[in-house]
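Visitor: I should like to take a close look at a single part of this model. Would you please describe how its residues are arranged and what surrounds them?

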Amino acid sequence: IKALEKQQKSIARQKNLPSGAGRPWDEEEDDRLIDAYNDGDSIKELSKAHERTEGAISSRLLKHGMIRK
C-alpha cells in the first residue's frame, strides 16, 4: 500500500511539472535563454517561456556563469 501511495504522489508531482521538464537542453535553447536573460527577463518569465521549472532555469544560468550561487 505504501508503494502505491508513493507512486501516486510521484505521478501527481509529474503532472504539475512544465511540459519541458526533464527534456535535454540544446545549444539553440541555451542561446535563447541567455539572450532573454541578458535582455532582462526574470527567471519566472524564462521558466514560462521555456516550459521548464524555475530551478532548471537557475541551474542552467549558473552553469553558463550568468548568475552566482
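Guide: A helix is a DSSP run of H or I with at least four residues, and helices are numbered from the N terminus. The model is predicted, so local features need pLDDT of at least 70 and side-chain atom pairs count only at pLDDT 80 or more, whereas totals for chains, interfaces and linings use all residues. Residues are numbered from 1 along each chain as its sequence is written, and side-chain values use heavy atoms, leaving out hydrogens and water.

The part chosen here is helix α3, residues 43-50, in which L46, S47 and H50 are buried (under 20% relative accessible area with a 1.4 Å probe, protein chains only). Seen down the axis of α3, these buried residues fall within an arc of 105 degrees, so they line one face of the helix; the arc is taken from the directions from the helix axis to the C-beta atoms. An α-helix has 3.6 residues a turn, so residues three or four places apart point the same way. On the face of α3 turned away from the buried side are K48 and A49, which are exposed (over 50% relative accessible area). The buried residues of α3 pack against α2 (27-38) and α4, contact meaning heavy atoms within 4.5 Å. Just after α3, E51 takes a positive phi of about 55 degrees.

Helix α4 spans residues 54-63 and includes R60. R60 is buried, with a relative accessible area of 15%. Leaving aside residues up to four places away in sequence, R60 touches W25, D30 and L33.

Technical notes: Helix = DSSP H or I, 4+ residues; strand = E, 2+ residues; numbered from the N terminus.
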